[in-house]
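Here is a short briefing to read alongside the model. Take a moment with the sequence and the fold, then carry on below.

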Amino acid sequence: MSDVAHERDVPAGGGPRTDQEARASGIDVNTDIDYAEAARILGRSFMYVRYFKWRYIAKFLLKLGSYALPLALIPWPVKILTDHVILGRPLADAKGYPDYMWPLINAMQGASVLEILLVLAAIGMTLVITIGSYTVGYEDEVEAGLAQGHDYATQTENKIHGGHSTASGIYGLVEFILSTRLVQSLNHTLRSQIFARIGSLSMTQLEDQRIGDSIYRVMYDAPQINEVFYEVTHTPIMSILLWIQAMITVRSAYPEHPEIYLMTAAILPIYFVITTLFSRAVRRRGQAARVAGALTTSTIEEGMDNVLAVQSLGGNAHEKSRFSGDSDESFKRFRAVALLWIFIGQSGAVVGKLAELAFLLFVVSMVIDGRLTPGDLAALWVYFGYLRGPAMSLATLWVRLQDNAAAMRRVFAMLDLAPEHDLGDTTLPPIKEGIRLDGVGLVYPDGRRALDQINLEANVGQIVALVGPTGAGKTSLAYLIPRFHQATEGTVVVDGHAVDTLTLQSLRDQVTYVFQETQLFSDSIRDNIRYGKPDATQDEVDQVARTAGIHDFIQSLPEGYDTTLGGATSSRLSVGQKQRIAIARGLLRESRVLILDEPTSALDPETEQYLVQSLHEAAKDRLAIIIAHRLSTIAHADKIVFMEDGRIREQGSHSELIAKDGHYKSFVDLQTTSSS
C-alpha cells in the first residue's frame, strides 16, 4: 500500500480527523497539532526569507525607522508647545528633555512665543513631508487595503497585494513600494511551489485530492505566510529595540523616575499568560474554518463541473441543499473564529486599560505634586504608548501566529506530498522497437487488483487494440506504459529498458496519451492542438486536423483556428468535435507511442472510418494503442488483445480470434446481436 493511502487511514500524531476534514481532503492528517509542531511550521514558513534576504533586511530597517523616528521626535515638540507656548514657561527653565533635544532647546533660548511657534511649524512640516507624523495620535500611514470581511477569502487580496508603512511622506512611500513588491514576490513563490507540486503528483494522488480543496490551499491558505514572514523576527526584535529606545529616552529625560518604564514591563507577563491560554483554541478553530471554506469551494466546483447531470436528473434542489449546508457551516466556523478573537481582544483591552489608568494616576499625581510639568504628562503619555505597545505585541505574538500555523500546516501538507520521482536515471533514446510487459500485475492502494499476469508485446508500426468489457483493466494496462501507475509485479519494458530505470521526462516525451474524457484549454483551437508542440507550423496543425477529421469544421468557424475555446464556444462544440481536437493534439506531438482511449466513442460511422484509416497511415512509424469497444474501430488492428477481469484472455488478429471461437468471438457476437 502506498504512503498516501497509509496516511489516509492512520493519522500521524494529533488524533483522528473530523468527518468534515476527511470529507474535504484525503491528505489532511495530524490536524490537531501541538505547540512544538506549530513552532516547527512557523519556523519553516519563516525560512522563505532566504529567497528575499536583502529586501527583507531593507524592509526590516525601514519598518524599524518608521517606528523609531516618530518615537524619538514627535513627543518633544508637544512638550515644548505645552510648557513654553501655552503655559508660557521660559526656555531657560526647561527640563525633562533627552540629551539629543538640548541643542534645539538651547538654540531657541530668548525666542518669542511666535518664533517658537514658527520653529515648531517648520518641524511639523518637515515631519509631514518626510515621515508623515505630525502630532500625537495622528500618524499618517500608507496602505493599500481593500474592503474586506472576517472570512479568509475576502482578506486574500490584501494579503497578496497589500503594502503598508506606519510612516507616510517620502519615507512611507519608499517603504510601501518595497513592502508591496516583497509581499507579491513571496506569495508568487509559494503559490508557484504549490502549483508545481500538484502538477508533479502521481495519477493516484491526483484522483484522491478534491480540486476545490487544492484551489483553497493555493488561493486562501498560502497568503497567510505573510504574517509569519514578517512577525517571527520583526515583532520580537523590533519590540525589544523600540522598548529599549523608549526606556533610554525616558530615563535620559527623567532619570529620577525609573518606575515610569518599569510599569510597562509588567504588562508583558500578564498579556502572555492571558493569550497563551487561547493558543490551541485559535489553532483548532482556524483549521476548522479553513476546512469548511475548502468544502464550500469544492461543492461549487463539483456542482459546476457536473451541472448537466444535475439539471438532467432534476438535482438542483439537492445541490442547493448541499451547498447551503456547506456554506452555512463555513459561516458558522468563521463566526467562531471571530468571536474567539473578540474575546481575546477584550481580555487584553481590560489589562491595557487598567495599565493606562495606573500610569495616568501615577503621572498626574507627580504633576500635581510639582515633580513633573503638564508638558511632561503629554510627552510621557506618548511614551507610555510606545512602551506598552511593544510589550503587548511581544506578549501576544504567539497566539496571533496560531491561525497562520493552521493555514501553513495545510500548505505544507500539500507540499510534502511525495511527487512522482524518477526511479532511474537512464534517458530513453528514440523508441525503435516497442513495448513488452512480462508477468505484470497491478494492485491499487485500496487493495483492489486491477491486473494479473499480463504478458504482451507491441511493436512500432503496429496498431494494437485493447478490447474487453467495462472494468477489464484496459485503461489500467495503458497507464503502465507512461508510468501513470507503477506495476506492483512484473516488468514493463520499452526498447529493452525497464520503465522503472528511465527518467519520467524521457519516457513521457515519447508517449502521448489521449484520454477518454476530452480536456481542452481556454485558448485558441490552434494553441490547443499544438499544446504538446508549441512551435508547430500551421501546415503541421492543418495536417493533423485533417487526419482527425476536424479541419473542415474548424475552417467553417468565423475565426477558424483562432477561435477561442472556453465558455460559450466550448459548450457549442459537440463531444465528437472536442474529441477530434484532442486526437489532433496527440497526433501532432509525433511521439513514438500513441495511446488513444476510446477515440471513436463520440464519432459518427463515416468520421470513425476516416480516422481509423488515418491511424493506419500514422502508425507506420509509431506504435498506436487503441482502447475501444466498437468492432468497426478494432477489426482492422494489427493485434487485438481481449481482456477480462484484469487478465489477457486472447490476443491475435481479428480473423485469428474469430477462428478460435473463444472470448473475443463471443464479444463480437454480442455486439452483432445487439446492433441487429
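The notes below cover a sheet, a helix pair and a buried strand.

This is a predicted model, in which local features need pLDDT of at least 70, side-chain atom pairs count only at pLDDT 80 or more, and totals for chains, interfaces and linings use all residues. Residues are numbered from 1 along each chain as its sequence is written, and side-chain values use heavy atoms, leaving out hydrogens and water. Helices (H or I, at least four residues) and strands (E, at least two) are DSSP runs, numbered from the N terminus.

**The open sheet**
- Four strands, in the order S4-S3-S6-S7, make an open sheet with antiparallel pairing (strands pair if DSSP finds at least two bridges between them).
- Strands S4 (449–459) and S7 (497–498) are at the edges with a single partner strand each, so one side of each has no neighbour in the sheet.
- S3 (residues 434–443) is joined to S4 by 7 bridges, and Gly434 lies opposite Asn459 in S4.

**The helix pair**
- H15 (residues 279–305) packs against H19 (residues 402–415) at about 45°, with axes 8 Å apart.

**Strand S11 and its partners**
- In S11 (residues 639–644), 5 of the 6 residues are buried, so the strand is largely enclosed by the rest of the structure (buried means under 20% relative accessible area, with a 1.4 Å probe and protein chains only).
- S5 (residues 463–467) pairs with S11 in the parallel sense over 4 bridges, with Ala465 opposite Ile640.
- S12 (residues 647–652) runs antiparallel to S11, joined by 5 bridges.
- The S11–S12 hairpin has 2 residues between its strands, and Asp645 in the turn has a positive phi of about 55°.

Methods:
Axes fitted to C-alpha atoms, helices over the stretch in contact; angles between N-to-C directions. Buried < 20%, exposed > 50% of the residue type's maximum accessible area, 1.4 Å probe, protein only.
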